[in-house]
Protein chains: 2
Amino acid sequence: MARRKREQEPIGRGVGTPSATRQSWSIGELARRADLQTSAIRYYESAGLLPEPRRYNGRRVYEASALEWLAVIRLAQGAGFSIAEIRELLHGFHSDTPASQRWRALAARKLEDMRRRIDEARAMEQVLGRLIQCECPTLQDCGRAVVGESASESEIPAR
Amino acid sequence: MARRKREQEPIGRGVGTPSATRQSWSIGELARRADLQTSAIRYYESAGLLPEPRRYNGRRVYEASALEWLAVIRLAQGAGFSIAEIRELLHGFHSDTPASQRWRALAARKLEDMRRRIDEARAMEQVLGRLIQCECPTLQDCGRAVVGESASESEIPAR
DNA sequence: TTACATGTTAAAGTGCACTTTAAGTCAAGG
DNA sequence: CCTTGACTTAAAGTGCACTTTAACATGTAA
């Protein structure tokens with residue numbers, strides 16, 4: 001039930017202002033723009049993925065750059081990196097290490113993981129394909145077929 | 001540190017006994033034979049995947065058939081089924097439904113899941129491949145590239 | 001007798017990425 | 001003045017498949 005919000009620019013200047021450059025957003029607005037929940041943004045901050053923003057009356061105030069950080073997080077997640085790995089990406093290198101080099105270091109490892117993952121999923125796909133052709137009357141028969149197979153030959157219960 | 005165990009047949013007759021058919025195993029032995037931890041076996045029982053075995057002095061006593069049940073569980077897990085789905089496989093059908101039909105019903109659904117999963121992993125593999133070719137000096141540059149891209153064309157930060 | 005290995009239970013812990021809840025602050029609007 | 005909505009925090013909850021822990025029972029060996 002996404003209710004309508006009257007959501008005016010809360011702090012700083014917005015799009016239609018004279019020099020329409022330096023914008024400031026509340027956490028709610030940042031969340032809307034990044035299509036995230038505010039809780040996720042706070043979580044990233046607490047996990048060290050997002051720099052602590054300045055505060056106005058105790059409330060977080062973000063600049064446009066926050067959106068770029070969130071984009072990096074999303075990009076990394078889209079490549080299969082965990083929160084811990086993203087933290088490593090951000091803070092696990094000498095500060096003058098270029099992004100290109102950081103990505104290469106982490107992506108090389110992850111690429112192997114990902115290929116393993118693809119292989120596992122494909123193996124499961126194969127097993128499913130054979131299960132669909134199963135003709136066992138009872139599940140115990142399937143079990144017997146698998147148990148018997150382990151010591152002798154290799155065949156999935158298709159009988 | 002898997003210490004040596006003297007593990008004699010605790011109950012019932014073992015392999016070398018006259019009519020070497022009806023065997024009984026303790027949970028520890030079943031676990032060894034199935035290459036599982038005893039806690040996993042108790043967990044399967046509590047989850048309704050394994051029939052409650054008879055007891056001797058309060059202790060669980062298993063027959064060879066338990067190994068077949070565990071084989072079915074393993075087979076299903078190898079096809080990507082969750083514990084809840086395996087429970088459905090075992091108890092979610094009219095009791096005279098043949099195994100073949102049970103598998104087909106569940107495997108058809110799961111096959112789609114699995115293909116989605118393969119596609120996702122392959123998409124991640126692609127992203128990783130592009131990240132390895134990234135030449136951004138800073139991560140913010142990657143972020144800017146992704147943020148800018150969203151409204152305009154589609155290109156992963158290779159600059 | 002003592003010690004040990006193995007078993008029993010219920011309940012809590014694990015790892016991951018968040019979400020939800022509870023209790024409170026604060027400014028604007030009616 | 002009071003409500004509303006958005007924000008703040010710390011802590012607990014979620015879902016999954018188990019594992020670990022704590023406290024106790026019991027049969028066998030030294």
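User: Which residues is B:A71 in contact with, leaving aside its neighbours within four places in sequence?
Analyst: B:A71 touches A:G143, A:V146 and A:V147, with neighbours within four places in sequence left out. Contact means C-beta atoms, placed from the backbone, within 7 Å.

User: Before I go on, what kind of model is this?
Analyst: It is a predicted model: local features need pLDDT (the predictor's confidence in each residue, from 0 to 100) of at least 70, side-chain atom pairs count only at pLDDT 80 or more, and totals for chains, interfaces and linings use all residues. Residues are numbered from 1 along each chain as its sequence is written, while chains are lettered from A and ligands numbered from 1 in the order in which they are written.

User: Back to B:A71. Buried or exposed?
Analyst: B:A71 counts as buried, because 23 C-beta neighbours lie inside 10 Å. The cut-offs are 20 or more other C-beta atoms within 10 Å for buried, 12 or fewer for exposed, and partly exposed in between, with C-beta atoms placed from the backbone.

User: And which helix does B:A71 lie in?
Analyst: B:A71 is in helix α3 of chain B. Helices (H or I, at least four residues) and strands (E, at least two) are DSSP runs, numbered from the N terminus.

User: How far in space is B:A71 from B:C134?
Analyst: Their C-alpha atoms are 46 Å apart. In sequence, B:A71 and B:C134 are 63 residues apart.

User: Tell me about that helix. How many residues does α3 of chain B have?
Analyst: Helix α3 of chain B covers residues 65-78, so count 14 residues. Its first and last C-alpha are 20 Å apart, close to the 20 Å expected at 1.5 Å a residue. The expected span is 1.5 Å times one less than the number of residues.

User: Which of its residues are buried?
Analyst: The buried residues of α3(B) are B:A66, B:E68, B:W69, B:L70, B:A71, B:V72, B:I73, B:L75 and B:A76.

User: What about B:S65?
Analyst: B:S65 also lies in helix α3 of chain B. It counts as partly exposed, because it has 14 C-beta neighbours inside 10 Å. B:Q23 is 42 residues away along the chain, with 9.8 Å between the two C-alpha atoms.

User: What comes just after α3(B)?
Analyst: B:G80, which takes a positive phi of about 95°.

User: Now the two chains. How many residues does each give to the contact?
Analyst: Chain A gives 45 residues and chain B gives 45 residues. On the side of chain A that touches chain B, the elements giving two or more residues are α3 (65-78), α5 (99-132) and α6 (139-151). The largest share, 20 residues, comes from α5(A).

User: What classes of residue are on that side of chain A?
Analyst: It has 28 nonpolar, seven polar and ten charged residues. Ala, Val, Leu, Ile, Met, Phe, Trp, Tyr, Cys and Pro count as nonpolar, Asp, Glu, Lys and Arg as charged, and the others, Gly among them, as polar.

User: Why do you say the copies meet through the same surface?
Analyst: Because 100% of the interface residues of chain A are also interface residues in chain B.

User: What turn lays chain A on chain B?
Analyst: A turn of 180°, with a shift of 0.0 Å along the axis and an RMSD of 0.1 Å. The two copies are therefore related as by a two-fold rotation axis. In chain A, A:I118 has the C-alpha nearest the axis, 2.8 Å from it. Copies are superposed by least squares on the C-alpha atoms of residues with pLDDT of at least 70 in both.

User: Switching to DNA. Which residues come nearest to strand C?
Analyst: Of the 18 residues around DNA strand C, A:S39, A:S82, A:I83, B:S26 and B:G28 come nearest. Near means a C-beta atom, placed from the backbone, within 6 Å of the molecule or strand. The largest share of this surface, three residues, comes from α2(A). By class, the surface near strand C has five nonpolar, eight polar and five charged residues.

User: And which are closest to strand D?
Analyst: A:S26, A:G28, B:S39, B:S82 and B:I83, among 18 residues that surround DNA strand D. Elements giving two or more residues there are α1 (27-34), α2 and β2 (59-61) of chain A, together with α2 and α4 (83-91) of chain B. The classes are five nonpolar, eight polar and five charged.

User: How many helices and strands in chain A?
Analyst: Six helices and two strands. Along the sequence the pattern is α-α-β-β-α-α-α-α. Of the 159 residues of chain A, 29% count as buried.

User: What is the mean pLDDT of chain A?
Analyst: The mean is 85, and 81% of the residues of chain A reach 70 or more. Residues 12-20 of chain A are below 50, and that stretch has eight contacts beyond near neighbours in sequence. Residues 152-159 of chain A also stay under 50, with 16 contacts beyond four places in sequence.

Technical notes: Contact = placed C-beta atoms within 7 Å.
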